[in-house]
Amino acid sequence: MSAVTFERGAPGAAPARTQGYWGGVFRRLRRDKVALACAFILLAILLMAIFAPLVAPADPAKASILKRLLPIGSPGHLLGTDELGRDMLTRLIYGGRLSLLMGISPVVFALVIGSLLGIVAGFVGGRVNTAIMRTIDVFFAFPSVLLAVAISGALGAGIANALIALTIVFIPPIARVAESVTTQVRGLDFVEAARASGAGSWTIIRVHILGNVLGPIFVYATSLVSVSMILASGLSFLGLGTKPPDAEWGLMLNTLRTAIYTQPWVAALPGAMIFIVSIGFNLFSDGLRSAMDVQR
Amino acid sequence: MSAIAMPLLQVRELVKRFPLKGGMFARGGGVVHAVDGVSFGVDRGETLGIVGESGCGKSTTARLLVRLIDPDDGRVLLEGREIGHPGGMPVNEARRAMQMVFQDSFASLNPRLTVEASIAFGPRVHGVADADARGRAHDLLRKVGLEPGRFAARYPHELSGGQRQRVNIARALALAPQVVILDEAVSALDKSVEAQVLNLLLDLKADLGLTYIFISHDLNVVQYVSDRVMVMYLGKVVEIGPVGRIYADAAHPYTKALLSAMPTMDPAHRTQAPPLAGDPPNPIDPPSGCRFRTRCPFAEDLCAAREPVLGETEAGHRVACHMANAGSGHSKAPPLARAA
């Protein structure tokens, strides 16, 4: 097909092109080379993490004093070994499991809770809005890193507590975005028209608000995944997230820190993974944003 | 035509005030008198045009009628039953019987819904089965001149402004309303498209036996579609009457000023001077007595002291001006004898 097939105010003579909104978004996304490449890389990393036992060349916990801190490209250890002689490639693949879990799941939980709060605040307005949004503003007073450290420190170290801490950190920004988008949409005439046709609030939210609000919230949340991964790594680095035997990129970065002078390239590998995934999510969310942004 | 003497829609002393929000620490701000004691009636099958400057309360009146906002005072009766009053007509039933078409054709359609889904939404909400609602949507599309096979599955951004407004009209008709309120419904369209949509509206009215309330700032359009015209100024009705009377022989100085500002095709009759100077006064603190007196060339002391009532000068023609009311005391008022 030619480049421009999706234009506003199509002339009356155009044939019926019945393509859904998401169909259009998907088609535009497919034309975005950068976003597509990012999606591909992220998918590859995700699949490798999921199927780690099948993909990884070695046992992630098998240590060997003799093989400590081998350089990249050593025979049998493609990406070298860490300070306990464990295979880096294996640990990077296994580390993806926890790191992606800590990156994605807090954002998903926060997406559900934050959108709910934000949409209700935006749609109902008035005192309800004030109550919800001012409470959320309290959380905004703290820098997100500090808040995450404080909450998971208070709850105690561990993956579950770190997840809770990160979820709490991400609810306020998502709720804020949800509230502002909902307030905007609520003022449009089609919502008034829906109300004038006698529809109840939940029907209006379901049919008319959600579809117009979830897109921007989703795009924003996608960009938070990278932040979440970095924060999770930070928590692990501080000893508040994952515990030592487990493989997790932030924790690996922490333990390899001592080897930064002897094997700098090996020590940098977990950081590189975090970087790739964060950049991937950021660029993908940028692509998603522009793919969704055509009609206005 | 008039089997029953009672008008289809009766509006009595409708009042809406918007308190000014001054934030948490600035309580007791002013109150905007958006609609201040508006009364009128609309007969079955007629078109009532409402004209006035921006901010005079036209749109607020429309929104009050369909209860998008709640009135502070006053009553609205549809078929003699008071809306939202126990024993009267429930608000939801009234909403079904009175539908609205808005000015912005793009904002009034959900960009994520197909044309068909937008039109079928209302009936579905009222419990019409899915297939029936879709069938009704297709019928309505045909009625508004859009071939369902080509347009039903389209999204709003794939339509032109005129097509979108036709969809909005179809959507308003989907609940089989008795009264359709057209709030500047054709104002945003090109002149040629506007004419097509106007004619469509007139055809639909004849076909379906509709009653229109037609709100516009375009006096030519109002003259073309209306049977009667109501002129509003600062939340009040200043004049109401048959379209011929209003356009030929307006009694209120504000109406005269509005009409003299109407663009004319005849170069010999172009207006020379702006007939009305300045903006309308602040609705937070309207002038005492007659609200128009600050811009009225005939204002006298009386106008500041006493508010003119909406008095009937002739059958069906009512004017809120001391000059039109016999015995009001205004120097230009007709002698009292005529009234008796």
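This is a short dialogue about a predicted model, on its sheet, its core and the contact between chains A and B.

Visitor: What makes strand 3 and strand 8 of chain B a pair, and in which sense do they run?
Guide: Strand 3 (residues 47-51) and strand 8 (residues 211-215) of chain B share four bridges. A pair needs at least two bridges, so the two strands count as paired, in the parallel sense. One of the partnerships is B:L48 with B:I213 of strand 8.

Visitor: What makes strand 11 and strand 12 of chain B a pair?
Guide: Three bridges join strand 11 to strand 12 (residues 317-319) of chain B. The threshold is at least two, therefore this is a pair too, and an antiparallel one. B:E312 has B:R318 as its bridge partner in strand 12 of chain B. The hairpin formed by these strands has two residues between them, and B:G316 takes a positive phi near 80 degrees there.

Visitor: Why are strand 6 and strand 11 of chain B called edge strands?
Guide: The open sheet has eight strands in chain B, in the order 6-7-8-3-9-10-12-11, with mixed pairing. Strand 6 (98-101) and strand 11 (311-314) of chain B are its edge strands because each pairs on one side only. Neighbouring strands of the sheet are turned by 25 degrees against each other on average, direction ignored.

Visitor: Which helix lies across strand 9 of chain B, and at what angle?
Guide: Helix 10 (residues 253-260) of chain B lies across strand 3, strand 9 (228-233) and strand 10 (236-242) of chain B. The angle to strand 9 of chain B is about 105 degrees. The scale runs from 0 to 180 degrees between N-to-C directions.

Visitor: How do you know that B:I213 is buried?
Guide: B:I213 belongs to the largest nonpolar core, which has 163 residues. Core members must be buried, and that requires 20 or more other C-beta atoms within 10 Å; therefore B:I213 meets that count. A:L166, A:I174 and B:I181 are also among the residues with the most contacts inside this core. Helix 9 of chain A gives the most to the core, with 15 residues.

Visitor: What is A:I174 in contact with?
Guide: Leaving aside neighbours within four places in sequence, the contacts of A:I174 include A:A110, A:G114, A:I217 and A:Y220.

Visitor: How many residues does each chain bring to the contact between chains A and B?
Guide: Chain A brings 24 residues and chain B brings 30. Helix 8 of chain A gives the most to the chain A side, with seven residues. The residues of that side divide into 10 nonpolar, 10 polar and four charged.

Notes: Residues numbered from 1 in each chain as written. Chains lettered and ligands numbered in written order. Predicted model: local features only at pLDDT ≥ 70, side-chain atom pairs only at ≥ 80, totals over all residues. Contact = placed C-beta atoms within 7 Å. Nonpolar A, V, L, I, M, F, W, Y, C, P; charged D, E, K, R; others polar. Core = buried A, V, L, I, M, F, W, Y, C linked by C-beta atoms within 7 Å. Buried ≥ 20, exposed ≤ 12 C-beta atoms within 10 Å, placed from the backbone.
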